[in-house]
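User: I'm new to this structure and would enjoy a close look at a single part of it. Could you pick one helix and walk me through its surroundings?

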Amino acid sequence: MIADQAKDRYIRLLEEKPHIIQNVSLKQIATYLGITDTSLSRIRKEIAGK
C-alpha cells in the first residue's frame with residue numbers, strides 16, 4: 001500500500017472503508033496512510049474540487 005501514491009491510498013480507503021472517514025480523526029487517517037495531516041488536507045481539497 002505504501003508504494004502507491006498518497007492520493008491513490010486515500011481514494012482506496014474511501015472506497016473500501018467509507019465509515020472510517022466519519023469515525024476517525026484526520027490525523028489518525030494520515031498516520032495510517034503514511035502521510036502528514038497537511039498532505040491529507042491537500043489531497044481532500046483536490047478531490048473535493050473535482
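Analyst: Happy to! This is a predicted model, and a good place to begin is confidence: among the elements of the chain, α3 has the highest mean pLDDT, 95, while α2 has the lowest, 91. For the chain as a whole the mean pLDDT is 90, with 94% of the residues at 70 or more. Let's settle on α3, then.

Helix α3 covers residues 26–33, and within it Ile29, Ala30 and Leu33 are buried. Looking down the axis of α3, you would find these buried residues within an arc of 100°, so they line one face of the helix. Turn to the face directed away from that buried side and you meet the exposed residues Lys27, Gln28, Thr31 and Tyr32.

What lies over the buried residues? The cover of α3's buried residues includes α1 (6–16), α2 (18–23) and α4 (37–48).

Of these neighbours, let's follow α4. The axes of α3 and α4 come within 8 Å and cross at roughly 100°. An angle from 65 to 115 degrees counts as roughly perpendicular, and the two helices are therefore roughly perpendicular to each other. On the α3 side, Leu26, Lys27, Ile29, Ala30 and Leu33 take part in the contact, meeting Asp37, Leu40 and Arg44 of α4. Sorted by kind, the residues of this contact are five nonpolar, three charged and no polar. Notice that Ile29, Ala30 and Leu33, the buried residues of α3, also appear in this contact with α4.

Finally, see how the helix is followed: glycine 34 comes after α3, and its phi is positive, near 80°.

Note on methods: Residues are numbered from 1 along each chain as its sequence is written. This is a predicted model: local features need pLDDT of at least 70, side-chain atom pairs count only at pLDDT 80 or more; totals for chains, interfaces and linings use all residues. Side-chain values use heavy atoms; hydrogens and water are left out. Buried means under 20% relative accessible area, exposed over 50%, partly exposed in between (1.4 Å probe, protein chains only). Helices (H or I, at least four residues) and strands (E, at least two) are DSSP runs, numbered from the N terminus. The arc is that of the directions from the helix axis to the C-beta atoms. Contact means heavy atoms within 4.5 Å. pLDDT is the predictor's confidence in each residue, from 0 to 100. Axes are lines fitted to C-alpha atoms, for helices over the stretch in contact, and angles run from 0 to 180 degrees between N-to-C directions. Angles under 35 degrees count as roughly parallel, over 145 as roughly antiparallel, 65 to 115 as roughly perpendicular and the rest as oblique. Ala, Val, Leu, Ile, Met, Phe, Trp, Tyr, Cys and Pro count as nonpolar, Asp, Glu, Lys and Arg as charged, and the others, Gly among them, as polar.
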